[in-house]
Amino acid sequence: MRKRLLASGGTAAGLILVLASCTNPYDPGQRTVGGALLGAGAGAAIGGAVGGGHGAALGAAIGGATGAVTGAATTPPPPPPPPPQSYYGYEPGYGYPPSGYAQPAPGYGYPPSGYAQPAPGYGYPPSGYSQPAPGYGYPPGPPPRYPSY
């Protein structure tokens, strides 16, 4: 009998914890209902132990009302939203702001040269030779000999 009572009490406690974890702690309505249910359960248990059947009903009523008021009064404000981030991960207020310029402002930097090719007289002149001049390079050697089998 004792094992069965302990098992059912453990199961009830587990279900209460599972259902309590499914609430929004920043919603005053959910906090009011949760406080009323917990207060009514605790009040009924205490009232039943002290005054019997009528004490359990009176304890549930008083505990439910007290739990509802306490749950609504202790609702915390929701946390502030996270700061916005841009596409590049820049957070406003930290580091350097984006400049907004893709190119330097007019008047800054180097002026365009206007030349597509170097000025005449600069650089290397074209050689005009496709092969080395005669007499330069390696002399031709004897023809290759292939072994005969």
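Helices are DSSP runs of H or I covering at least four residues, and they are numbered from the N terminus. The legends below describe a predicted model.

**Figure 1. Overview of the predicted chain, with 2 helices and 0 strands.** The helices are α1, which spans residues 2-20, and α2, which spans residues 28-73. Of the 149 residues in the chain, 8% are buried. The accessible surface amounts to about 13,600 Å², and carbon and sulfur atoms account for 67% of this area. When contacts are restricted to residues at least 6 apart in sequence, 51% of them connect residues at least 24 apart.

**Figure 2. The largest pocket and the residues of its lining, 16 in number.** The space in this pocket is about 380 Å³. Nearest to the pocket centre are A20, T23, G34, G35 and L38. Both α1 and α2 contribute at least two residues each to the lining. Which helix supplies the largest share of the lining? That helix is α2, with 9 residues. By residue class, the lining comprises 7 nonpolar, 8 polar and 1 charged.

**Figure 3. Surroundings of T75 in the segment after α2.** Which backbone oxygen atoms does the side chain of T75 reach? One belongs to G71, at 3.1 Å, and another to A72, at 3.3 Å. Once neighbours within four places in sequence are set aside, T75 remains in contact with P25, Y26, D27, P28 and R31. One of these partners, Y26, is located in the loop between α1 and α2, and is the subject of the next view.

**Figure 4. Y26 in the loop between α1 and α2.** Y26 is classed as partly exposed because its relative accessible area is 35%, which lies between the limits of 20% for buried and 50% for exposed. Apart from neighbours within four places in sequence, the residues in contact with Y26 are T75, P76, P77, P78 and P79. For one of these pairs, Y26 and P77, the C-alpha atoms are 6.3 Å apart in space, although the residues are 51 apart in sequence.

**Figure 5. A73 in helix α2 and its separation from P28.** How far apart in space are the C-alpha atoms of A73 and P28, which are 45 residues apart in sequence? The distance is 8.2 Å. A73 itself is exposed, since its relative accessible area is 61% and the class requires a value over 50%. P28 also appears in Figure 3 as one of the residues in contact with T75.

**Figure 6. A49 and H54, two positions in helix α2.** Is A49 buried or exposed? A49 counts as exposed because its relative accessibility is 66%. From the C-alpha atom of A49 to that of G59, 10 residues away along the chain, the separation is 10.0 Å. H54 has a relative accessible area of 75% and is therefore exposed. The C-alpha atoms of H54 and A44 lie 9.6 Å apart in space, with the two residues 10 apart in sequence.

Key:
Residues are numbered from 1 along each chain as its sequence is written. This is a predicted model: local features need pLDDT of at least 70, side-chain atom pairs count only at pLDDT 80 or more; totals for chains, interfaces and linings use all residues. Side-chain values use heavy atoms; hydrogens and water are left out. Buried means under 20% relative accessible area, exposed over 50%, partly exposed in between (1.4 Å probe, protein chains only). Contact means heavy atoms within 4.5 Å. Accessible areas come from the Shrake-Rupley method with a 1.4 Å probe; for residues, only the protein chains shown count as cover. A polar contact is a pair of N or O atoms within 3.5 Å; within protein, one must be able to donate a hydrogen and the other to accept it, and residues adjacent in sequence count only if both atoms are side-chain atoms. On a 1 Å grid over the protein atoms alone, a cavity is a set of points where a 1.4 Å probe fits but cannot get out, and a pocket is an open set with protein on both sides within 12 Å along at least five of seven lines; lining residues have an atom within 4 Å of a point. Grid points are joined across faces, edges and corners, and a volume is the space filled by probe spheres set on the points. Ala, Val, Leu, Ile, Met, Phe, Trp, Tyr, Cys and Pro count as nonpolar, Asp, Glu, Lys and Arg as charged, and the others, Gly among them, as polar.
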